[in-house]
Amino acid sequence: MDFSKITILCIGDVMLDRFIYGNVQRISPEAPVPVLQLNDKKEMLGGAGNVTNNILSLGGKAILIGLIGQDGYADGLKNLAQQKNITDRYLVRSSHRPTICKSRFIAANQQVIRADEESLAPLHHDEISQLLQSIDLAIDKVNAIVISDYGKGVCHPIVIKHTMQQAKLHNIPVFVDPKSSDFSLYQYATCVTPNTKEASAAVQHTLENDHDFEQAGETLLNATQGQAILITRSEKGMTLVERGKPVTTIPSRAREVFDVSGAGDTVIATLALAYAAGYSLSEAMHIANAAAGVVVAKAGTSTTSIAEVLNELKAQDPRSFSETISPTLLHPEQLLEQVKQWKRQKLTVGFTNGCFDIIHPGHVMLLKQAREKCDRLIVALNTDRSIKALKGEQRPINNLQSRSQVMAALRYVDAVVAFDEDTPFNLINLFKPDILVKGADYQNKEVIGRDIVEINGGKVILANLQEGFSTTNIIDKISNS
């Protein structure tokens with residue numbers, strides 16, 4: 001599951017989320033209210049900005065479009081975006097409204113009060129014009145669009161209609177987190193993601209059972225004339241209604257819910273990333289459901305990582321995970337998070353590497369011996385460029401994508417990663433495996449990474465090789481036949 005090449009355009013109400021922490025030890029003598037003794041403060045991107053936070057934490061890239069004021073909050077918001085490498089050059093500074101800021105005062109992990117600073121005045125014509133210009137400038141740089149409607153004004157019908165037109169022109173999927181009960185505003189959206197309350201309001205009756213949710217999804221799908229409706233049902237999971245396909249309902253895993261803040265942002269960010277990366281809407285729903293399950297177990301407006309989502313997917317449905325959404329090639333930073341998780345679980349992490357161009361019994365024997373020495377085995381594959389540099393222009397026979405798919409399917413392998421250098425030194429230094437495995441032909445050779453592994457208390461193992469098998473011999477035999 002690699003989203004590193006996916007860029008999502010996030011359009012919507014951008015706000016600054018402030019969390020102000022303190023202790024309550026007495027009641028004010030002036031009024032029957034608690035006195036909060038302040039001791040800490042945290043600021044983060046909120047609203048549509050939190051969608052971009054989620055995209056970034058999952059390894060994707062984001063472009064943010066929304067309205068900010070000409071005030072200190074706007075400067076703080078832009079600084080936060082820049083620190084996270086979220087493209088903010090398309091944000092529109094407005095003289096007609098302040099930057100939206102939500103300040104939450106918290107004591108003993110509970111909100112005491114929230115103070116909102118915002119303007120609900122209708123969009124000015126020049127605000128609309130600048131928003132449309134930003135959309136036009138950004139549209140050809142993205143793989144999907146998220147419209148994050150918090151009901152604060154940015155998602156004006158003109159802005160939404162223009163976005164849909166540009167998306168259709170550029171063949172870009174659009175995902176909508178709605179606020180309006182009039183779903184015809186989101187016409188032709190790829191997927192609209194109301195929660196239970198929003199879906200109930202849109203169809204004007206309470207949704208109580210699976211049949212109600214299915215009927216509501218059909219009604220709302222007709223209103224949007226789009227591809228799908230995904231209704232998030234809190235602890236009861238999600239219901240996906242796709243045009244021309246059976247309705248799919250999945251439960252959420254039973255767990256302690258700490259805070260639901262921002263769960264909807266996590267769902268739509270994950271859904272858009274997964275779909276843009278090539279997963280079906282049904283597969284993307286499973287991934288988004290897992291991501292939401294992670295964030296509701298965290299305090300405050302939280303995000304999740306690829307490693308956390310993968311672990312949650314395994315916990316929810318190991319068979320579904322292995323058959324439909326098991327990763328084939330991980331980004332090194334994503335795998336690093338998984339390695340940290342394994343080590344926290346006291347699992348021994350093994351590492352081996354190679355071209356593995358045409359898998360043969362010699363390779364299988366090496367991997368079997370490696371996996372017997374550890375609890376989790378990482379296989380690092382040379383990239384196509386790296387193989388050409390080592391073995392010539394006629395290699396590899398199979399490209400990296402094909403090799404990673406085959407490798408990930410082998411039962412001895414727990415994770416696959418790639419390296420473009422001549423050696424895997426940088427990856428070994430990054431992961432610091434407990435076991436480094438090479439073939440016995442390295443008996444009298446320098447084993448790259450030996451010093452790193454041994455300094456960190458690990459060891460190098462030279463596995464026995466099965467005689468008579470090599471990729472070069474297989475290629476020669478085919479060429480001579």
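This passage describes helix packing, salt bridges and a surface patch in a predicted model.

Two helix pairs are considered. The first joins helix α3, residues 125-138, and helix α4, residues 157-170. Their axes come within 10 Å and cross at roughly 20°. Angles under 35 degrees count as roughly parallel, so α3 is roughly parallel to α4. The crossing of these two helices, α3 and α4, is right-handed.

The second pair is made of helix α1, residues 48-57, and helix α7, residues 263-276. The axes of α1 and α7 lie 8 Å apart, and the packing angle is about 50°. The two helices, α1 and α7, are therefore oblique to each other. Here too the crossing has a hand: α1 passes α7 in a right-handed crossing.

Salt bridges come next. The structure holds 16 of them. Three are described here in turn.

One salt bridge pairs D140 with K141. The closest N and O atoms of D140 and K141 are 3.5 Å apart. D140 has a relative accessible area of 56%, so D140 is exposed. K141 has a relative accessible area of 43%, so K141 is partly exposed.

Another salt bridge joins R395 to D357. In this pair, R395 and D357, the closest N and O atoms are 2.9 Å apart. The bridge links distant parts of the chain. R395 sits in the loop between α13 (384-391) and α14 (400-409). D357 sits in the loop between β15 and α12. In sequence, R395 and D357 are 38 residues apart, yet their C-alpha atoms are 8.3 Å apart in space. Both R395 and D357 are buried. For R395 the relative accessibility is 10%. Buried means under 20% relative accessible area, so R395 counts as buried.

A further salt bridge is formed by the side chains of R371 and D414. The N to O distance between R371 and D414 is 2.8 Å. This pair, too, links distant parts of the chain. R371 belongs to helix α12, and D414 to the loop between α14 and β17 (415-419). The two residues, R371 and D414, are 43 residues apart. R371 has 22% relative accessibility and so counts as partly exposed. D414, at 31% relative accessibility, also counts as partly exposed.

The loop that holds D357, between β15 and α12, also contains C355. In residue numbers, β15 covers 349-354 and α12 covers 361-372. C355 has a relative accessible area of 13%, so C355 is buried. C355 and N382 are 27 residues apart in sequence. In space, their C-alpha atoms, those of C355 and N382, are 5.2 Å apart.

The surface was also examined for nonpolar patches. V24, V112 and I113 make a nonpolar surface patch of about 240 Å². One of these residues, I113, lies in strand β8, which covers residues 110-117. The relative accessible area of I113 is 53%. Exposed means over 50%, so I113 is exposed.

Note on methods:
Residues numbered from 1 in each chain as written. Predicted model: local features only at pLDDT ≥ 70, side-chain atom pairs only at ≥ 80, totals over all residues. Heavy atoms only, no water. Patch = residues over 30% accessible without salt bridge, like charges linked within 9 Å, V, L, I, M, F, W, Y side chains within 5 Å. Areas by Shrake-Rupley, 256 points an atom, 1.4 Å probe, with all protein chains shown as cover. Salt bridge = Lys/Arg side-chain N within 4 Å of Asp/Glu carboxyl O. Helix = DSSP H or I, 4+ residues; strand = E, 2+ residues; numbered from the N terminus. Buried < 20%, exposed > 50% of the residue type's maximum accessible area, 1.4 Å probe, protein only. Axes fitted to C-alpha atoms, helices over the stretch in contact; angles between N-to-C directions. Parallel < 35°, antiparallel > 145°, perpendicular 65-115°, else oblique. Left-handed = near helix turned anticlockwise from the far one by under 90°.
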